[in-house]
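Please open the structure in your viewer and keep the sequence panel beside it. The stops below each name a selection to make and then describe what is found there.

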Amino acid sequence: MENYLEINKKSWNAKVEPHLKSDFYFVDEFLKGRTSLNSIELELLGDIKGKSILHLQCHFGQDSISLSRMGAKVTGIDLSDKAIDTARELAQKCGTDTEFICSDVYELPNVLDHKFDIVYTSYGTIGWLPDLEKWAEIINHFLKPGGQFIMAEFHPVVWMFDDDFTKVAYNYFNEKPIVETYEGTYADQSAPIVQEYVMWNHSLAEVLDNLMKKGLKLETFQEFDWSPYPCFRHVDEFEKGKWRIPQFGNKIPLVFALIAEKI
């Protein structure tokens, strides 16, 4: 899929406007000070005041700005130029000094020359990347010695199922690119957009093995039987801010999270 970047950039550019209008991203409340960060990642991050953070695949920057509000010096990057333009506008409205750069993850060393205390990424990011060895290399490149990579992500078990969670439809392992067309968006199923996209499934072994091979030591690894987002079809909110797929209940993991330190 040599043109996957072009396809996915177009797809994510199309998402920006409906996402800004959706309840999923609560932009009005966010501008008034509400954080976009969830308990899972907040517990991993701890006190980040004064730390430098590189946020990979930041969409239109809500998490990046939330990290800035916590006292960190944050640089957010994303493939979508429309998302980055919006992120800069949001940062200005929020009064933060968050920096945003439009770049593919793999090309980032060509446009950014800085080392960070923390590299951060969360929820629905690695599936857009074909090569996790190169991804882990990028993380290592941008971390200071002793720096931390902090990640919260949807569990690969979730991506095995069809959209209605009625059958196993996809390989758990990174077998080949998944090329599909989707109506609407996870933030608004009724959004009037039709998008082609290219994704890859990545097993936990693929994630962890590549991080360790690139000089990162796993410090914390967690799995959760709930999602902080209602981004899947037919989910139930069993506690405030926690969603599950009803037919699975607490029987499968929906999210994993980790901290890895650069040796």
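Begin just after α4, where G71 takes a positive phi of about 100 degrees; helices here are DSSP runs of H or I of at least four residues, strands are runs of E of at least two, and both are numbered from the N terminus. The model is a predicted one, in which local features need pLDDT of at least 70 and side-chain atom pairs count only at pLDDT 80 or more, whereas totals for chains, interfaces and linings use all residues. Residues are numbered from 1 along each chain as its sequence is written, and side-chain values use heavy atoms, with hydrogens and water left out.

Now select α4 itself, which is mostly covered, with seven of its eight residues buried; buried means under 20% relative accessible area, exposed means over 50%, and partly exposed lies in between, for a 1.4 Å probe and protein chains only. The buried residues of α4 are Q62, D63, S64, I65, S66, L67 and S68.

Keep L67 selected and display its surroundings: which residues does L67 touch, not counting residues up to four places away in sequence? They are L37, L45, I48, I53, A72, V74 and Y120, where contact means heavy atoms within 4.5 Å. L67 is also among the residues with the most contacts inside the largest nonpolar core, together with I40, I53 and Y120, and this core has 51 residues. A nonpolar core is a set of buried Ala, Val, Leu, Ile, Met, Phe, Trp, Tyr and Cys residues joined through side-chain atoms within 4.5 Å. To see where this core comes from, colour α2 (27-31), α3 (39-45), α4 (62-69), α5 (81-94), β4 (116-122), β5 (143-154) and β11 (255-262), each of which supplies at least two of its residues. The largest share, six residues, comes from α5. Apart from this core lies another, of 33 residues, among them F116, L129, L258 and A260.

Next select S36, in the loop between α2 and α3, which counts as buried because its relative accessible area is 8%. Leaving aside neighbours within four places in sequence, S36 is in contact with F26, F30, E41, Q62, D63, S66 and Y229. A polar atom of the S36 side chain lies 3.2 Å from the backbone oxygen of Q62, a polar contact being a pair of N or O atoms within 3.5 Å in which, within protein, one must be able to donate a hydrogen and the other to accept it, and in which residues adjacent in sequence count only if both atoms are side-chain atoms.

A similar kind of view can be set up at S22, in the loop between α1 and α2. S22 has a relative accessibility of 8% and therefore counts as buried, and its side chain reaches the backbone oxygen of H19 at 2.8 Å.

Then bring up helix α1 (residues 4-21) with α5, whose axes come within 7 Å and cross at roughly 35 degrees; axes are lines fitted to C-alpha atoms, for helices over the stretch in contact, and angles run from 0 to 180 degrees between N-to-C directions. Here K9, N13, V16, E17 and L20 in α1 meet D81, K82, A83 and T86 in α5.

For the aromatic residues, select F24 and Y186, which form an edge-to-face pair at 5.4 Å centre to centre with 75 degrees between the planes. Rings of Phe, Tyr and Trp (its six-membered ring) pair if their centres lie within 6.5 Å, and planes under 30 degrees apart count as stacked, over 60 as edge-to-face and the rest as tilted. F24 sits in the loop between α1 and α2 and Y186 in the loop between β6 (178-183) and β7 (194-199), 162 residues apart. F24 counts as buried at 16% relative accessibility, whereas Y186, at 23%, is partly exposed.

Finish at helix α7 (residues 204-213), whose buried residues are L204, E206, V207, L208, N210 and L211. These buried residues pack against α6, β5, β8 (216-224) and β11. Just after α7, select G215, which takes a positive phi of about 90 degrees.
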